[in-house]
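Please read the following report alongside the sequence and the three-dimensional structure. It moves from burial and overall composition to strand pairing and then to charged side chains.

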Amino acid sequence: LWGHKHSITCLDLCSSLDVVVSGDLGGLICIHTLRCGEFVRSFQPSYFGNVVRKISLNSHGTLVAHMEDRSLHVYTVNGIHLRTTDADDILHDIKICSNGEMFVTGGEKGHVVFRAMKDLTIYSKIDLSKHGPIRCISLTSKELRITPQSFYVGSYDGFITILSEDPEDTAKPLL
């Protein structure tokens, strides 16, 4: 992927849109085509030098970028800024879910946070801090047609916690 002047720190792709998004140490986000690797555009979410820590792209062409200053930015793949908020955490993972309407984050504080894509409102916050920082989040595949969708959360201490979109379910830790 060309267009970056600094080392790439994160990337995500959407095969249905033929798009790859990548972020770098200088704070630049670049958009490329997936099939040919052609450069499409680049933009800078915040001041120069603010590292892009994590990036996640949905199938509607909307991306969420987490910056070193703990800010969360939502953009379109056309580089149009939609909204910004303070994540209040150093995030280790971002996953977009619910058909692109929500996303879930996890980070150093050990909280799993569900936010609305449209306005970044927090829907739910689950405290898993007794297991240490959240290291990774994975979702059940949409193709499995599992309703509600399940989230697998990996913590620093090696625990995996299974969460469900269904508010009636409770967190279930696995060893």
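A residue is called buried when its relative accessible area is under 20%, exposed when that area is over 50%, and partly exposed in between, with a 1.4 Å probe and with protein chains only taken into account. By this rule Asp88 is partly exposed, because its relative accessible area is 41%.

The structure is a predicted model, in which local features need pLDDT of at least 70 and side-chain atom pairs count only at pLDDT 80 or more, whereas totals for chains, interfaces and linings use all residues. Residues are numbered from 1 along each chain as its sequence is written, and side-chain values use heavy atoms, with hydrogens and water left out.

**Overall composition**

Helices (H or I, at least four residues) and strands (E, at least two) are taken as DSSP runs numbered from the N terminus; on that basis the chain has zero helices and 16 strands. Of its 175 residues, 47% are buried. The chain exposes about 9000 Å², of which carbon and sulfur atoms supply 52%, the accessible areas coming from the Shrake-Rupley method with a 1.4 Å probe and, for residues, with only the protein chains shown counting as cover. If a contact is taken to mean heavy atoms within 4.5 Å, then residues 24 or more positions apart account for 33% of the contacts in the chain that have a separation of 6 or more.

**Strand pairing**

Strands of a sheet pair through backbone hydrogen bonds, either parallel or antiparallel. Here two strands are said to pair if DSSP finds at least two bridges between them. An open sheet of four strands follows the order E9-E10-E11-E12 with antiparallel pairing. Its edge strands are E9 (91-97) and E12 (122-127), each of which pairs on one side only. Neighbouring strands of this sheet are turned by 15° against each other on average, direction ignored, where axes are lines fitted to C-alpha atoms, for helices over the stretch in contact, and angles run from 0 to 180 degrees between N-to-C directions.

Within this sheet, strand E10 (residues 102-107) and E11 pair in the antiparallel sense over five bridges, and Val104 stands opposite Phe114 in E11. His111 also lies in strand E11 (residues 111-116), and it is buried, because its relative accessible area is 19%. Not counting residues up to four places away in sequence, His111 touches Thr105, Gly106, Lys125, Ile126, Asp127 and Ile134.

Strand E14 (residues 150-155) is largely enclosed by the rest of the structure, because five of its six residues are buried. Strand E13 (residues 134-139) pairs with E14 in the antiparallel sense over five bridges, with Ser138 opposite Tyr152. E14 is also joined by five bridges to strand E15 (residues 160-164), again in an antiparallel arrangement, and Val153 has Thr161 in E15 as its bridge partner. E14 and E15 form a hairpin with four residues between them, and Gly158 in the turn has a positive phi of about 95°.

Another hairpin is formed by E3 and E4, with five residues between them and with Gly37 in the turn at a positive phi of about 70°. Strand E3 (residues 29-33) and strand E4 (residues 39-43) run antiparallel and are joined by four bridges, Ile31 standing opposite Arg41.

**Charged pairs and cysteines**

A salt bridge is a side-chain nitrogen of Lys or Arg within 4 Å of a carboxyl oxygen of Asp or Glu, and a search of the whole structure finds four salt bridges. Among them are these:

| Salt bridge | N to O distance |
|---|---|
| Asp18 and Arg35 | 3.6 Å |
| Asp88 and Lys109 | 3.1 Å |
| Asp93 and Lys95 | 3.0 Å |

Asp88 lies in the loop between E8 and E9 and Lys109 in the loop between E10 and E11, so that the pair links distant parts of the chain. Their C-alpha atoms are 9.0 Å apart in space, with the two positions 21 residues apart in sequence numbering. Lys109 is partly exposed at 34% relative accessibility. Leaving aside neighbours within four places in sequence, Asp88 is in contact with Arg70 and Lys109.In the bridge between Asp18 and Arg35, Asp18 is buried, with a relative accessible area of 18%, whereas Arg35 is exposed, with 66%. Asp93 counts as buried at 10% relative accessibility, while Lys95 counts as partly exposed at 26%.

With a disulfide taken as a pair of cysteine sulfur atoms within 2.5 Å, the count comes to zero disulfides. Cys14 is buried at a relative accessible area of 8%, and Cys30 is buried at 0%.
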